[in-house]
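Here is a short report on a protein model. Look at the structure first, then read on.

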Amino acid sequence: MFDSLMFWVFLAATAAVFGLMPPAWVRARSAALISTSILVLALVVGIDPWFGVMLLIAVAWVTFAARLAEAFRGRRGLLLYLLGPVAIVWIAGKEASAYHFAWFQFIGFSFFFIKAWTLLKDVQDRRIERPDSFVVASYFLHFPTFVSGPMHLFGEFNRSLRAPQFPHFEELIDVVFRLLLGFAKVKVLAPLFAPISLETLVASGPLSVTTLAVGSLAYSVVILANFSGYTDLAVATSRLIGMHVTENFNYPYAAPNIREFWQRWHMSFTRVLTSYVFIPLSRRLQESLGDRPKAMMIACTLVTFLFCGFWHGPTLNFLLWGLYHAL
């Protein structure tokens, strides 16, 4: 997406519109971002038209659901009903992707589900008051982060859209460096290690222990280079239109233990897991396991990382991967 000339044309158009509009024109900026995001997803990313229709319906539903969550705060189980349709589409899409159904293009929808969940929960818990429908729609369609994140929360996005801050000259140098760094990771480093990574070698048949070890290490480089590289590009291009996006990586492989690794790897998702899974679950278990804090910690950790595994994929290998990290 980021290496397409059309992407940069739409990004420049968005930056120009944002720069010309007075700060008070929040809805106009939202409408402009919605328009360019739809064009980028259709013409640059090339999403399937059926998925595009489903995506717009999902955006409309969550926008409406946010109003309902605000109007009926305190209703037990309301959040489950409001999030249910999006969750069903998310689970169905993950199952379809797992079995390689070519007709179902699911790109970016896992991030969409997290956004829907955190937004509705924040509205239900009064952390977000009266979210504007135009801002909500632009939040879900924000094209620099749609495919690979990071997972910016609605409150952060809302503040940034209402007061966009374009980079000054000194900051522009940092943005250009971040762009070059992102392209170097994605276009140079990842392809350099890809031929000897486990993902490539597994197709060649049985592997020796040495080849397995080398392939695993190479794959670790590839996945970090690709993921952090796309994060660099998403953060930098968002800054060019005056939008702030949260950071996602902080030298994760330098972490001395697995706990700190998750504080450095995909940090925006770790924040979601902590704030929207682990902490609410620990509060629920406080009544029954309050006098057994270690048991409560173990239960919450297992559930959190099993969800983390399922979010990555609804297959046994991902569930075992989540269980491994929890243990």
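## Cysteines

A search of the whole structure of this predicted model turns up 0 disulfides. Why is Cys300 not bonded to Cys308? The sulfur of Cys308 is the closest cysteine sulfur to that of Cys300, but it is 15 Å away, so a bond is out of reach. A disulfide needs two cysteine sulfur atoms within 2.5 Å. Cys300 is buried, because its relative accessibility is 0%. Cys308 also has a relative accessibility of 0%, so it counts as buried.

## Backbone details

Most residues other than glycine have a negative phi, and most peptide bonds are trans. Some places in this model are worth a look.

Arg126 is not a glycine, yet it has a positive phi of about 70°. Arg126 sits in the loop between α5 (109-124) and α6. Arg130 is not a glycine either, and its phi is positive, at about 50°. Arg130 also belongs to the loop between α5 and α6. Are these residues buried or exposed? Arg126 is exposed, because its relative accessible area is 53%. Arg130 is exposed, with a value of 71%. The cut-off for exposed is over 50%.

The peptide bond between Gly149 and Pro150 is cis, with an omega of about 5°. Pro150 is in the loop that runs between α6 (133-141) and α7 (154-162).

## Helix α10

Helix α10 covers residues 209-240, which is 32 residues. At 1.5 Å a residue, α10 should span 46 Å. Its end C-alpha atoms are 46 Å apart, so the two values agree. Just after α10 comes Gly242, with a positive phi of about 85°.

## Pockets

The table sets out the two largest pockets.

| Pocket | Volume | Lining residues | Nonpolar, polar, charged | Element giving the most |
|---|---|---|---|---|
| Largest | about 1,600 Å³ | 42 residues | 25, 15 and 2 residues | α10, 8 residues |
| Second largest | about 1,000 Å³ | 31 residues | 16, 5 and 10 residues | α12, 8 residues |

Which residues lie closest to the centre of the largest pocket? They are Tyr219, Ile223, Phe227, His312 and Phe318. Elements that give two or more residues to the lining of the largest pocket include α4 (78-98), α13 (293-312) and α14 (316-326).

Near the centre of the second largest pocket, the nearest lining residues are Leu79, Trp117, Lys121, Tyr276 and Pro280. The elements giving two or more residues to the lining of the second largest pocket include α4, α7 and α12 (267-289).

Methods: Residues numbered from 1 in each chain as written. Predicted model: local features only at pLDDT ≥ 70, side-chain atom pairs only at ≥ 80, totals over all residues. Heavy atoms only, no water. Helix = DSSP H or I, 4+ residues; strand = E, 2+ residues; numbered from the N terminus. Expected span 1.5 Å × (residues − 1). Buried < 20%, exposed > 50% of the residue type's maximum accessible area, 1.4 Å probe, protein only. 1 Å grid on protein atoms, 1.4 Å probe; cavity = no way out; pocket = protein on both sides within 12 Å on 5 of 7 lines; lining within 4 Å. Points joined across faces, edges and corners; volume = space filled by probe spheres on them. Nonpolar A, V, L, I, M, F, W, Y, C, P; charged D, E, K, R; others polar.
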